[in-house]
Structure formats: structure tokens, C-alpha cells
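Work through the exercises below with the sequence and the model at hand. Each task is followed by a stepwise solution.

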Amino acid sequence: MKGIGPKLSQTQFKVGNNNTKVGEQVKYGPTADLNAKQQQKLTDHYGEHGTAKTPQNSLNRLTQYSDSHTTYTKAAKASGRPLTEQEALVAGSAKNKAPASSINHVIASGTGQNVLNHETLQFKKGVKNANEGAQKLSTATTPKEKAAAQKQIQQGLAQQAAGVGRMQGYSRATLAERQGELTPAQVQGKRNGALQNTLTAMQGPDQDTRFGAYKDVLKDTFDSPGNLRLGNRTQNTKISTGFDTPLDAKGKPTERAERLFQAHQTFGPDRLLTKERLFTLDDKGEAMSSSKETAKVGDKRKADTADTDPGPSSSKKRRKA
């Protein structure tokens with residue numbers, strides 16, 4: 001799993017204003033690159049929930065984080081990272097509000113849900129392959145038949161592991177952001193929970209159980225405080241997919257951006273890592289960000305002292321972000 005997208009350090013970013021025009025951004029969501037048959041398989045697997053007015057399912061964009069700005073401002077302070085301009089407004093406001101800010105993703109929720117949908121189908125394909133291989137092996141009579149059956153079993157198991165591993169890679173990288181805010185034991189517990197939720201989402205016994213785990217995976221990975229910040233509201237409505245790079249006071253990608261971008265490059269599928277899909281571009285072709293830190297360059301940032309390796313472990317009120 002190695003991405004092919006552009007390098008973060010070699011990309012120039014800008015925070016726009018109300019008059020900034022975006023270019024040819026690909027606004028993909030949960031169903032991008034999925035045909036009607038694949039979408040039906042996802043609906044059969046996870047079910048349809050919610051109401052006709054507010055449906056909740058794997059084919060609809062889901063966001064389920066707190067709409068309280070202080071939830072994420074407090075998490076930022078506890079983790080030791082500098083605040084964005086919008087977060088600083090919240091922290092200094094008697095009402096804990098910032099008039100021009102909205103809760104915003106670094107790795108967009110549409111990206112995460114899209115990956116989870118594709119990996120669910122990958123996992124299910126692996127289960128089918130492994131089961132078919134096991135059935136063939138039970139009736140095989142020649143060495144050639146046995147070898148072919150065993151190869152199909154191994155292929156199926158590899159497909160399942162790849163599906164789970166990609167999601168676990170995102171989970172571990174995002175949860176690493178919460179070190180300092182949470183104790184090491186809590187971070188490890190959430191990592192274990194994210195892995196279990198991924199497995200349950202992909203192979204749970206019924207639709208309700210699977211969909212509940214599906215939402216939990218998103219909540220602790222793409223909708224967690226480690227992957228959210230307060231961004232400029234106008235820009236946030238424009239930068240709605242892909243990777244929204246946090247900038248330091250000089251407009252350069254932050255250390256936090258580098259860590260999460262590396263995870264996205266490593267675990268993101270190549271189809272989502274082209275320049276057109278990875279970054280939102282303005283009409284001049286410049287990559288955009290929706291937030292910038294207030295901290296001065298040179299301020300000491302709190303380094304991750306525990307496991308920062310993004311690799312897999314063993315085995316509402318809301319404006320669109």
C-alpha cells in the first residue's frame with residue numbers, strides 16, 4: 001500500500017477568502033468509483049437506517065462528531081499542538097464561539113467513508129474466495145487440484161487482510177494524534193477498538209451490528225478530534241474532499257499535516273491520490289487549505305513519544321467538510 005500522489009513538502013498552499021474560486025475539484029463521496037451492483041452489495045451488507053428525511057447508510061455521507069467547537073479546541077491544547085486562527089478565536093471567546101469557523105477534517109469524511117466502502121467489498125470478495133477454495137480443497141483428488149484450491153484460499157485471506165489493514169493504518173495514524181490528550185492506555189484501547197470495529201463492520205452477524213461498527217470506525221478515525229480542527233467556514237465548504245493540509249503561521253504544512261499525509265499516502269488507494277483528487281485547487285491551480293496556525297515558527301511542538309508508526313497492528317448542526 002504505497003501512494004502515488006504529489007509530495008506535501010513540494011506543494012504550495014494558500015488560504016483563500018470569500019472571493020476565491022475553486023478549480024476542477026472532484027467532489028467524490030461514499031459512492032465514488034462504485035457501480036450500481038457494488039452499491040447494492042453495500043446496501044445488502046450494511047442495511048438502510050435512519051428515516052426517509054434523514055437516511056443513514058453506507059451510501060450517504062455520514063458525520064457524527066460534536067458540533068461544539070470547544071471539544072476540539074480542548075483536544076488540540078491537550079495534545080500540545082498550536083491552535084489554528086479559528087481555534088484561537090474559540091479559546092479566547094467568552095461564548096466559546098468563532099463567528100467565521102466550522103469544524104473541519106484533515107482527511108475528509110468523504111475520503112474515509114469511500115475507502116471503508118471499497119475495503120468492505122474487498123473483504124467480502126476475500127471471504128468468498130477463501131470459502132470457495134476450502135470447498136474445492138475438500139473434494140480435490142489430485143495434487144494439481146489441491147494446489148489450486150490452496151492458492152485460492154491464500155488469495156482470499158490476503159484480500160481480507162488487505163481490507164482490514166488499510167483501515168487499521170488510518171486508525172492508528174489518527175489515534176496517534178491524540179497522544180497527550182489521552183493516556184497511552186486509552187490510545188491503545190482505542191486502537192484495539194478500531195481494529196475490532198473494522199472486523200465487525202466487515203463480518204458482523206447482522207446489518208444493525210455491522211452498521212453500528214461501521215459508524216464507530218468512522219467516529220474514531222475520520223471524525224475523531226485527532227483528525228479535526230476548526231477551519232475557515234467559507235473555505236471549508238469548498239475544500240470538501242481529499243486531504244486538507246493544516247498550515248503553520250508562514251503557510252507551510254505543519255508537522256501534524258506531514259504525519260497524517262504520510263498515512264494517507266501509505267494507506268490511501270491510488271485512485272484517490274491523484275493531484276485532482278488529493279488537494280482542492282483554486283482557479284489558478286494553487287492547492288488550498290482552510291486553516292492556518294497562529295503559533296510563531298520555531299515554537300516547540302510536542303513530539304509523539306509513543307508509537308507513531310502508522311502501520312497496521314498485528315493480524316446535528318454541521319457544514320459539509
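**Exercise 1. Place T70 in the fold and describe its surroundings.**

Step 1. T70 belongs to helix α2; helices are DSSP runs of H or I with at least four residues, strands are runs of E with at least two, and both are numbered from the N terminus. The model is a predicted one, in which local features need pLDDT of at least 70 and side-chain atom pairs count only at pLDDT 80 or more, while totals for chains, interfaces and linings use all residues. Residues are numbered from 1 along each chain as its sequence is written, and side-chain values use heavy atoms, with hydrogens and water left out.

Step 2. T70 is classed as buried because its relative accessibility is 19%; buried means under 20% relative accessible area, exposed over 50%, and partly exposed in between, with a 1.4 Å probe and protein chains only.

Step 3. Leaving aside residues up to four places away in sequence, T70 touches V90 and N96, where contact means heavy atoms within 4.5 Å.

Step 4. K97 lies 27 residues from T70 in sequence, and their C-alpha atoms are 8.2 Å apart.

**Exercise 2. Is H105 buried or exposed, and how far is it from N236 in space?**

Step 1. H105 sits in strand β4, residues 101–105.

Step 2. The relative accessible area of H105 is 1%, so H105 is buried.

Step 3. From C-alpha to C-alpha, H105 and N236 are 8.8 Å apart, with their positions 131 residues apart in sequence.

**Exercise 3. Examine the backbone and exposure of D33.**

Step 1. D33 is not a glycine, yet its phi is positive, at about 65 degrees.

Step 2. The loop between β1 (13–15) and α1 holds D33.

Step 3. D33 counts as partly exposed because its relative accessibility is 40%.

**Exercise 4. Check the length of helix α6 and find what covers its buried residues.**

Step 1. Helix α6 has 20 residues (184–203), so at 1.5 Å a residue it should span 28 Å; the expected span is 1.5 Å times one less than the number of residues.

Step 2. The end C-alpha atoms of α6 are 29 Å apart, which agrees with that span.

Step 3. Buried residues of α6 include V187, R191, L195 and M202.

Step 4. Among the elements covering the buried residues of α6 are α1 (36–46), α4 (109–139), α5 (143–176) and α7 (207–221).

**Exercise 5. Which element gives the most to the lining of the largest pocket, and which to that of the second largest cavity?**

Step 1. On a 1 Å grid over the protein atoms alone, a cavity is a set of points where a 1.4 Å probe fits but cannot get out; a pocket is an open set with protein on both sides within 12 Å along at least five of seven lines, and lining residues have an atom within 4 Å of a point. Grid points are joined across faces, edges and corners, and a volume is the space filled by probe spheres set on the points.

Step 2. The largest pocket has a volume of about 240 Å³, and its lining includes Q38, K41, H118 and E132. Two or more lining residues come from each of α1 and α4, and α4 gives the most, with eight.

Step 3. The second largest cavity has a volume of about 70 Å³. Its lining includes A75, R81, E177 and R256. Helix α2 (residues 69–79) contributes the largest share of this lining, three residues.
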